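Please look through the structure shown here, following its sheets first, then a local backbone feature, and finally the surroundings of the ligand.

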Amino acid sequence: MKIGIVCYPTFGGSGVLATELGMALSAKGHEVHFISYQQPVRLNFHPNIYYHEVVVQNYPLFDFPPYETALTSSLVHVITNNNLDLLHVHYAIPHASAAYFAKQILMKEGRDIPFITTLHGTDITLVGKDPTYAPVVTFSINESDAITAVSQNLKEETYKHFRIEKDIQVIPNFVDTEKFRHSDKEHFKKMLAPNGERILAHVSNFRKVKRVEDVIRVFEKVHAAVPSKLLMIGDGPERQNAEELCRCLGVCNDIRFLGKQEQMDEILSITDLFLLPSQYESFGLSALEAMACGVPVISTNVGGLPEINVQSVTGFLNDVGDIEGMAENAIYILKEDDTLTGFKHRALEHAKSFERSRIIPLYEQLYEEVMNRYMKTPASGVVKQS
Ligand code: GMT
């Protein structure tokens with residue numbers, strides 16, 4: 001199948017998931033065309049993978065260069081020139097409306113290409129439901145030929161906030177357990193924790209929704225009870241506040257801000273506990289990747305997090321802002337070697353249920369179903385059956 005994937009190219013979870021999906025599909029023989037404004041960070045070379053950059057022409061009149069228009073035009077060109085079978089857009093804004101618009105343009109030329117929208121989280125819960133975007137988001141989701149959500153919770157949130165007339169299929173996020181697995185990095189661990197301290201980690205884009213200051217506050221309490229170090233991975237608007245808080249609390253010497261990192265499997269291999277105290281997570285892909293490396297998780301109990309982090313089994317879940325509770329649970333996991341080993345083992349076992357090879361066929365099946373609703377014609381791509 002020839003598939004077009006539209007996504008954000010950055011370190012955000014939706015772009016990462018879309019890239020991993022495209023790479024897995026290409027390995028299975030599909031031809032995959034990525035369309036974005038930058039090469040997605042995790043995208044590796046493969047003969048079946050193509051990358052098409054969306055170039056936004058600027059002009060002095062534009063205070064806000066029209067990305068959606070440029071993306072739509074790129075979609076029209078890429079679909080036509082490469083005879084794509086379907087489009088799969090990740091993150092509704094503005095990808096679903098651009099796909100809809102491209103579809104309408106192509107329809108005038110006798111080509112009807114189906115498009116699938118995968119909802120990832122903030123496109124619904126934070127940004128999407130804002131009146132600034134809601135009418136367009138609602139319309140373009142409803143016009144999608146199939147809709148998927150990355151968790152049951154996100155599906156419910158979507159129905160709660162938008163008038164959706166179609167079925168939303170839950171296809172959970174996945175992890176490549178060959179890439180995300182524990183490997184022996186003792187020398188690396190020794191450099192960061194020379195006296196055998198426990199290592200805690202947090203990975204995010206440091207946005208408000210991640211509550212990074214809670215990470216520091218939890219760590220301060222853990223650190224007072226268990227010799228430990230904290231690794232803060234990623235970057236974003238809240239980083240400065242977080243660094244300032246470290247200084248105020250006097251824990252700077254045991255916290256390292258590593259910025260954006262690509263070798264996450266190596267960092268997670270030396271990590272003992274993952275902290276994700278978010279205000280909301282539709283899924284929490286970073287926590288799943290940590291679990292696949294055998295790292296237990298302390299998270300909040302919101303959104304889709306209870307669908308991946310199992311209370312008292314793979315870690316613990318607390319209310320948003322419950323610093324005391326999160327610290328207590330973290331100390332419980334970290335204090336004794338045997339307890340920690342048990343949690344590590346169970347986190348790894350549970351992550352296996354989200355293994356890539358289990359989830360990719362669900363997308364392939366959906367593609368088949370959508371394509372079967374269309375009839376292929378040699379001259380003009382696909383035409384919808386009446
Ligand atoms: O978490 C972010 O700010 C990034 C965001 C994105 O769309 O890139 O992540 C969302 O999608 C991820 C992949 O499906 C999920 O794992 C994250 O939980 C979700 N973030 C939120 O819901 C806040």
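Seven strands, in the order β3-β2-β1-β4-β5-β6-β7, make up an open sheet with parallel pairing, where strands (E, at least two residues) and helices (H or I, at least four) are DSSP runs numbered from the N terminus, and two strands pair if DSSP finds at least two bridges between them. The edges of this sheet are held by β3 (49-53) and β7 (168-170), each of which has a single partner strand, so one side of each is left without a neighbour in the sheet. From one strand to the next the twist averages 25°, the axes being lines fitted to C-alpha atoms, for helices over the stretch in contact, and the angles running from 0 to 180 degrees between N-to-C directions. The edge strand β3 pairs with β2 (residues 31-36) in the parallel sense over 5 bridges, and within this pairing V32 has I49 of β3 as its bridge partner. The model is a predicted one, in which local features need pLDDT of at least 70 and side-chain atom pairs count only at pLDDT 80 or more, whereas totals for chains, interfaces and linings use all residues. Residues are numbered from 1 along each chain as its sequence is written, and side-chain values use heavy atoms, with hydrogens and water left out.

After strand β4 (86-90), the loop that leads to α3 contains Y91, a residue other than glycine whose phi is nevertheless positive, near 85°. A cis peptide bond, with omega about -10°, joins I93 and P94, and P94 lies in helix α3 (residues 92-107).

A second open sheet is formed by 6 strands in the order β10-β9-β8-β11-β12-β13, and its pairing is parallel. Here β10 (255-259) and β13 (315-318) stand at the edges with a single partner strand each, so one side of each has no neighbour in the sheet. Neighbouring strands of this sheet are turned against each other by 20° on average, direction ignored. Strands β11 (residues 273-276) and β12 (residues 297-300) pair in the parallel sense over 3 bridges, and L275 has I298 in β12 as its bridge partner.

Where does the ligand lie with respect to domain 1 and domain 2? Domain 1 (2-174 + 356-384) and domain 2 (186-354) both contribute residues to the shell around the ligand, so the ligand lies between them; the domain bounds come from an automatic or database domain assignment. There are 18 residues around the ligand, and H120, N173, N205, K210 and E281 come nearest, a residue being near if one of its heavy atoms lies within 4 Å. The shell divides into 5 nonpolar, 10 polar and 3 charged residues, with Ala, Val, Leu, Ile, Met, Phe, Trp, Tyr, Cys and Pro counted as nonpolar, Asp, Glu, Lys and Arg as charged, and the others, Gly among them, as polar.

An N or O atom in the side chain of H120 is 2.7 Å from an oxygen atom of the ligand, while a polar side-chain atom of N205 lies 2.8 Å from a ligand oxygen atom.

Notes: Polar contact = N/O pair within 3.5 Å; in protein donor to acceptor, adjacent residues only side chain to side chain.
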